[in-house]
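Here are my notes on this model, point by point. Please read them with the structure open.

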Amino acid sequence: ITFTKTLALTANTTNIATAVGVDQTGASVTDQASATVRVLHPSLTLTKTPSSTKVENGTSVLYTYNVTNTGDVTLSGNITDSIFGSVGTFTNLPPGFWATLTKPQLLISNTTNVATAIGVDQAGGVATANATAFVRVLHPTISLTKTPNATKVENGYTVTYTYNETNIRYTPYPVPLADTVY
């Protein structure tokens with residue numbers, strides 16, 4: 001005779017089954033069997049850190065991705081980035097350990113991107129984690145005009161120059177002003 005029982009397990013379980021019967025002479029007979037099932041809990045965390053959160057246009061930023069196995073089973077997997085594509089893989093990452101991957105990227109505009117780590121355990125269980133980073137890309141541009149109070153003067157007369165400096169891209173930075181005449 002075969003019996004089956006289906007259970008959804010959430011923790012490691014050792015199950016002991018006991019069969020009790022009576023033979024033809026009326027004597028009790030018993031037997032026991034046990035089975036242990038390990039319940040796997042794959043879990044990951046992911047951080048993503050740019051080398052700088054504010055850069056000038058055309059600057060390379062190094063992104064550092066740290067994936068940590070916070071579960072109770074070894075994981076292997078990969079990290080991808082929503083804008084930069086594949087970052088790399090990690091293999092046989094034991095519980096409590098982490099892997100660090102890096103990817104340099106040249107930025108020309110403000111960038112918000114999401115990294116995703118996917119880890120798979122030996123039973124096919126999947127863990128995922130996401131991390132987001134924002135880098136502001138500055139486009140510093142200025143405009144300078146120089147206007148004399150007169151365009152024609154007699155020899156020895158004083159001329160006053162007015163300088164108008166405009167920060168076109170509204171990127172705060174100090175701009176020293178120098179004039180080759182003075």
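1. L7 sits in the segment before β1, the strand that covers 13-22. The model is a predicted one. L7 counts as exposed, because its relative accessibility is 55% and the exposed class begins over 50%. L7 also belongs to a nonpolar patch on the surface. Its partners there are L9 and V37. Together the three residues have about 250 Å² of accessible area.

2. N12 lies in that segment before β1 too. N12 is exposed, because its relative accessibility is 52% and the cut-off is over 50%. What does N12 touch, not counting residues up to four places away in sequence? The answer is V37, R38 and V39. V37 thus appears twice in these notes: as a contact of N12 and as a member of the patch with L7 and L9. T36 is 24 residues from N12 in sequence. In space, their C-alpha atoms are 7.5 Å apart.

3. Now the overall architecture. The chain has 12 strands and 0 helices. From the N terminus on, the order of elements reads β-β-β-β-β-β-β-β-β-β-β-β. The chain is more spread out than a compact globule, because its radius of gyration is 35 Å, well over the 16 Å that the globule rule gives for 182 residues. The C-alpha trace spans about 140 × 20 × 20 Å along its principal axes.

4. Next, burial and surface. Of the 182 residues, 23% count as buried. The chain exposes about 12500 Å². Carbon and sulfur atoms supply 54% of that area.

5. Contacts across the sequence deserve a mention. Take the contacts with a separation of 6 or more. Residues 24 or more positions apart account for 57% of them.

6. Which residues touch the most other members of the largest nonpolar core? They are L44, L46, Y63, Y65, V67, I79 and F90. This core holds 25 residues. The elements that give two or more residues to it are β3 (44-50), β5 (59-69), β6 (75-81), β7 (85-93), β8 (98-107), β9 (111-120) and β10 (126-138). The largest share, 6 residues, comes from β10.

7. L44 is worth a look within that core. Leaving aside neighbours within four places in sequence, L44 is in contact with V67, T68, N69, T70, L75, F90, A117, I118, G119, A127, T128 and A129. Two of these contacts, V67 and F90, are named with L44 among the residues that touch the most other core members.

8. Please check the backbone at N92. Its phi is near 50°, a positive value in a residue other than glycine. N92 is found in strand β7. N92 is exposed, because its relative accessible area is 57% and the class begins over 50%.

9. Is T100 buried, partly exposed or exposed? T100 is partly exposed, because its relative accessible area is 46%, and that class lies between under 20% and over 50%. T100 belongs to strand β8. Its contacts, leaving aside neighbours within four places in sequence, are T64, Y65 and N66. Y65 is also one of the core residues that touch the most other members. T100 and T89 are 11 residues apart in sequence. Their C-alpha atoms are 9.9 Å apart in space.

Notes: Residues numbered from 1 in each chain as written. Predicted model: local features only at pLDDT ≥ 70, side-chain atom pairs only at ≥ 80, totals over all residues. Heavy atoms only, no water. Patch = residues over 30% accessible without salt bridge, like charges linked within 9 Å, V, L, I, M, F, W, Y side chains within 5 Å. Areas by Shrake-Rupley, 256 points an atom, 1.4 Å probe, with all protein chains shown as cover. Salt bridge = Lys/Arg side-chain N within 4 Å of Asp/Glu carboxyl O. Helix = DSSP H or I, 4+ residues; strand = E, 2+ residues; numbered from the N terminus. Buried < 20%, exposed > 50% of the residue type's maximum accessible area, 1.4 Å probe, protein only. Rg over C-alpha atoms; globule rule 2.2 N^0.38 Å. Contact = heavy atoms within 4.5 Å. Core = buried A, V, L, I, M, F, W, Y, C linked by side-chain atoms within 4.5 Å.
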